[in-house]
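The paragraphs below lead through one protein chain, starting from its inside and moving on to its individual helices and loops. Please keep the sequence and the structure in view while reading.

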Amino acid sequence: MCIRDRYMGIVDPWKITHMIKSFSYNALLTKYPISTKMVSAGLLMAAGDITCQLVIEKKKKDTYDAIRTFKLASIGSFLIAPALHFWYGPGLSFCVNRLVPSIIPGSKQFISTRYGGAFIGMLFDQLTFSFLCNAGVIMAIEYVNRWDVKKAYDSMASKLWEAQLANWKVWPFASMLNFSVVPLQYRVLFANFVGFFWNTYLSWISNRGIPK
C-alpha cells in the first residue's frame, strides 16, 4: 500500500464530508426537529437582545444585563420555537388546506397555486397567529422582568397594538416569501433569521419602561 493510500485510509475526505453533512442544520433538523429549532430560536433571541442593549440602548459592557439576555433566550427556546414549529407545520396547513376550502367553496383551486396558497397562509399568519405570538412574547418578557401577572398583562396590553403595527411593516412580505419560496424544513429558520431583527425590536419595546 502506498503512502497516499494509507493516508486516505486514515483521513478519507468522503467520510469527512459525510460527517460534516451529518452535523449540518438540515440533518439536525431532520433528526431532532424541535430541539434544533429550540436552540436556534434561543440563540437568535439572545443575539437580538444583545443587539438591543449594545446598539439601540447603547449600554456599556459594564452595564450590559446578561441575565436579561438569558431570560429572552429561554423565551425563544421554550415559547417561540415550539409555537412556530406547530404553526408552520400542522397548524397553518390545516387552516389553509382544510379550513378555508370547507368554508369557501371553490377556493381549493386558488389555494393550490403557488402564490394563492402563500397569500392565504400570510393572511392567517398576520391576522391570527401574529397577534397571539406578539402578545405571548411581550407578556412573557414583561412577566420574567416583573414577576407580577397583572402588571405584565397591563404593560403588554399597552404595547401590543404598537408592536402589531410594526409587525405589519415587516412580516407580510417576509411571510409571503417564506410560504411561497422557502422549503418547508427551512421555514422556521427563515422566520428566525427575520426574527433576529424583530427580536431586537421586541426586546426594546418589551423592556421599555421596566424599572431597572
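This model is predicted, and a good place to begin is its interior, where the largest nonpolar core has 40 residues. Those with the most contacts inside this core are Trp-87, Tyr-88, Leu-92, Phe-124, Tyr-201 and Leu-202. The elements that contribute two or more residues to the core are α5 (66-103), α7 (114-146), α8 (149-180) and α9 (187-207), and among these it is α7 that gives the most, with 12 residues.

Around that core, the chain as a whole is built from 9 helices and 0 strands, and reading along the sequence therefore gives the pattern α-α-α-α-α-α-α-α-α, where helices and strands are taken as DSSP runs. Of the 212 residues in the chain, 41% are buried. The accessible surface of the chain comes to about 12,600 Å², and 71% of this surface belongs to carbon and sulfur atoms. Among the contacts between residues at least 6 apart in sequence, 70% join residues at least 24 apart.

Helix α4, which covers residues 33-56, is a useful element to follow from end to end. With its 24 residues, α4 reaches 33 Å from its first C-alpha to its last, which is close to the 34 Å expected at 1.5 Å a residue. The buried residues of α4 include Thr-36, Met-38, Ala-41, Gly-42, Met-45 and Cys-52, and Lys-37 and Asp-49 are also on that list. Ser-40, which lies in helix α4, counts as buried because its relative accessibility is 11%, below the 20% under which a residue is called buried. A polar atom of the side chain of Ser-40 lies 3.1 Å from the backbone oxygen of Lys-37, and, when neighbours within four places in sequence are left aside, Ser-40 is in contact with Tyr-25 and Asn-192.

After α4 comes Lys-58, which lies in the loop between α4 and α5. Most residues other than glycine have a negative phi. Lys-58, however, has a positive phi near 55° although it is a residue other than glycine, and because its relative accessibility is 64%, Lys-58 counts as exposed.

The next helix, α5, is capped at its N-terminal end by Asp-65, a side-chain oxygen of which lies 3.1 Å from the backbone nitrogen of Ile-67. A straight helix of 38 residues would span 56 Å at 1.5 Å a residue, whereas α5 spans only 49 Å between its end C-alpha atoms. Within α5, a kink of about 45° lies at Trp-87, shortly before the proline Pro-90, and Trp-87 is also one of the residues with the most contacts inside the largest nonpolar core.

Beyond α5, the reader comes to Lys-108, which is placed in helix α6 (residues 108-112). Because its relative accessibility is 60%, Lys-108 counts as exposed. Although Lys-108 and Arg-98 are 10 residues apart along the chain, their C-alpha atoms are separated by 9.0 Å.

Further along, Trp-147 is found in the loop between α7 and α8, and Trp-147, like Lys-58 a residue other than glycine, has a positive phi of about 55°. With a relative accessibility of 56%, Trp-147 counts as exposed.

At the start of α8, a side-chain oxygen of Asp-148 reaches to within 3.1 Å of the backbone nitrogen of Lys-150. Helix α8 has 32 residues, but its end C-alpha atoms are only 39 Å apart, short of the 46 Å that a straight helix would reach at 1.5 Å a residue. A kink of about 40° lies at Trp-168 in α8, shortly before the proline Pro-172.

Asn-178 also belongs to α8. Is Asn-178 buried or exposed? Its relative accessible area is 2%, so Asn-178 is buried. Not counting residues up to four places away in sequence, Asn-178 touches Tyr-88, Arg-187, Phe-190 and Ala-191. Asn-178 and Leu-189, which are 11 residues apart in sequence, are 10.0 Å apart in space from C-alpha to C-alpha. Tyr-88, one of the residues touched by Asn-178, brings the account back to the largest nonpolar core, where Tyr-88 is among the residues with the most contacts.

Technical notes:
Residues numbered from 1 in each chain as written. Predicted model: local features only at pLDDT ≥ 70, side-chain atom pairs only at ≥ 80, totals over all residues. Heavy atoms only, no water. Helix = DSSP H or I, 4+ residues; strand = E, 2+ residues; numbered from the N terminus. Expected span 1.5 Å × (residues − 1). Buried < 20%, exposed > 50% of the residue type's maximum accessible area, 1.4 Å probe, protein only. Core = buried A, V, L, I, M, F, W, Y, C linked by side-chain atoms within 4.5 Å. Bend = angle between axes of the 7 residues up to and from the residue. Polar contact = N/O pair within 3.5 Å; in protein donor to acceptor, adjacent residues only side chain to side chain. Contact = heavy atoms within 4.5 Å. Areas by Shrake-Rupley, 256 points an atom, 1.4 Å probe, with all protein chains shown as cover.
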